[in-house]
Amino acid sequence: MSTPTGKPTTGPFEKTAGWLDWYTAPSKPKFQVPAGSVDAHCHVFGPGAEFPYAPERKYTPCDASKAQLFALRDHLGFSRNVIVQATCHGADNRALVDALQSSNGKARGVATVKRSISDEELQQLHDAGVRGVRFNFVKRLVDFTPKDELMEIAGRIAKLGWHVVIYFEAVDLPELWDFFTALPTTVVVDHMGRPDVSKPVDGPEFALFEKFMREHDNVWSKVSCPERLSVAGPKALDGEQSAYRDVVPFARRIVEQFPDRVLWGTDWPHPNLKDHMPDDGLLVDFIPHIATTPELQEKLLVTNPMKLYWPEEV
Ligand code: 0GY
């Protein structure tokens, strides 16, 4: 790679067995993203020596620093990042805040908070650039938090103009429906609610997700993480076919139906992948397969994330 991302380090922590480190030599994407594009889903991990991983974490990653993230941003041609608090840091948002404060205004954040957070601490997060909280329902990543606690948090952060990011698996949407539809803010779904892409795109499971977005115009979706959802994997079949081709019909459907409510992100440094670590340049080259016109690309990468995270500049 031409930019100084360096190598992943591990600091004083021992990585989870089988952990895949982020890819140190991403290709230069062939697809040139529009000027002012936002990578609206990425993380920083530690470094653990400076920002220790949380005792309640379910995995221990390699480090992935703010400098390495910002170098990747520049290499891929993006202008800004939205950094999402990773579960390995629990509700300790110090690494996130440090990255936001070092970004020269080019990063905004999504934090994890508990009911015990004070109004003053919320305001400090806001001043650092946080504009949302994440509620995570993926059981392998977090312990259960009672819904009344989450609803109380949602009510408090709504007053700051923040939104709620939700992460869940497709099979859990029916059970979570009433809670999600009662949230008083904009609601951003991570990775299209993790569809099982081996099921038909026009089957009942994905139809429920489309209904969720269609009937609730406060619901947005990140059309991110093909590498996490794909069964086909990164290998393109021929010149016409995309990497992660089995995810294309799902993501394209969401982009085309809801062009003003979609976001895209790399998900760097790609926690918990088991079989391969994606080339982030290849992930960028996936974008024109799901947002097939310059107009859709501009909305996905610039207009929509700017509206949500930098509304004062729109
Ligand atoms: C993602 C996906 C995952 C992990 C986390 O915060 C996290 O630990 O988000 C995952 O393991 O699926 O969006 O980064």
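These exercises work through a ligand site, several helices and some backbone features of one structure.

The model is predicted: local features require pLDDT of at least 70, side-chain atom pairs count only at pLDDT 80 or more, and totals for chains, interfaces and linings use all residues. Residues are numbered from 1 along each chain as its sequence is written, and side-chain values use heavy atoms, with hydrogens and water left out.

## Exercise 1. The ligand site

Task: List the closest residues around the ligand, then its contacts with Thr87, Arg140 and Asn272, and state how much of the ligand the protein covers.

Solution.

Step 1. Find the neighbours. The ligand is surrounded by 15 residues, and the closest are His43, Tyr59, Thr87, Tyr167 and His191. Near here means that one heavy atom of the residue lies within 4 Å of the molecule.

Step 2. Take the polar distances. A polar contact is a pair of N or O atoms within 3.5 Å; within protein, one must be able to donate a hydrogen and the other to accept it, and residues adjacent in sequence count only if both atoms are side-chain atoms. For threonine 87, a polar side-chain atom lies 2.5 Å from a ligand oxygen. For arginine 140, a side-chain N or O atom is 2.7 Å from an oxygen atom of the ligand. For asparagine 272, the corresponding distance to a ligand oxygen is 2.8 Å.

Step 3. Check the cover. On its own the ligand has 350 Å² of accessible area, and the protein covers 100% of it. Accessible areas come from the Shrake-Rupley method with a 1.4 Å probe; for residues, only the protein chains shown count as cover.

Step 4. Place the ligand. Its space is the largest cavity. A cavity is a set of points, on a 1 Å grid over the protein atoms alone, where a 1.4 Å probe fits but cannot get out. A molecule sits in one if more than half of its atoms lie within 2 Å of its grid points.

## Exercise 2. Histidine 43

Task: Locate histidine 43 and describe its surroundings.

Solution.

Step 1. Locate the residue. Histidine 43 is in the loop between β1 (38–42) and α1. Helices (H or I, at least four residues) and strands (E, at least two) are DSSP runs, numbered from the N terminus.

Step 2. Classify its exposure. Buried means under 20% relative accessible area, exposed over 50%, and partly exposed in between (1.4 Å probe, protein chains only). Histidine 43 has a relative accessible area of 3%, so it is buried.

Step 3. Trace its polar partners. The side chains of histidine 43 and histidine 41 form a polar contact of 3.4 Å. A polar side-chain atom of histidine 43 also lies 2.7 Å from the backbone oxygen of valine 84.

Step 4. Add the contacts (heavy atoms within 4.5 Å). Beyond neighbours within four places in sequence, histidine 43 touches residues including Leu69, Ile83, Arg134, Asp267 and Trp268.

## Exercise 3. Three helices

Task: Why is helix α2 largely enclosed, and how do residues of α4 and α6 sit?

Solution.

Step 1. Count in α2 (residues 94–101). Six of its eight residues are buried, so the rest of the structure largely encloses the helix. The buried residues are Ala95, Leu96, Val97, Asp98, Ala99 and Leu100.

Step 2. Name what they pack against. The elements are α1 (66–76), β2 (80–84), β3 (107–111), α3 (119–128) and β4 (130–136).

Step 3. Turn to α4. Methionine 151 is in this helix and is partly exposed at 26% relative accessibility. Outside four places in sequence, methionine 151 touches Phe179, Ala182, Leu183 and Pro184. Glycine 155 is in α4 (residues 147–158) too, and is partly exposed at 29%.

Step 4. Turn to α6. Phenylalanine 209 lies in this helix and is buried at 3% relative accessibility. Among its contacts beyond four places in sequence are Phe168, Val189, Met192 and Ile254.

## Exercise 4. Backbone features

Task: Identify two cis peptide bonds and two positive phi values.

Solution.

Step 1. Recall the background. Most peptide bonds are trans, and most residues other than glycine have a negative phi.

Step 2. Find the cis bonds. Glycine 46 to proline 47 is cis, with omega near 5 degrees. Tryptophan 268 to proline 269 is cis, with omega near 0 degrees.

Step 3. Find the positive phi values. Methionine 192 has phi near 55 degrees and is buried at 1% relative accessibility. Cysteine 225 has phi near 70 degrees and is buried at 0%.

Step 4. Place both residues. Methionine 192 is in the loop between β6 (187–189) and α6 (204–215). Cysteine 225 is in the loop between β7 (219–222) and α7 (226–229).

Definitions and conventions: 1 Å grid on protein atoms, 1.4 Å probe; cavity = no way out; pocket = protein on both sides within 12 Å on 5 of 7 lines; lining within 4 Å.
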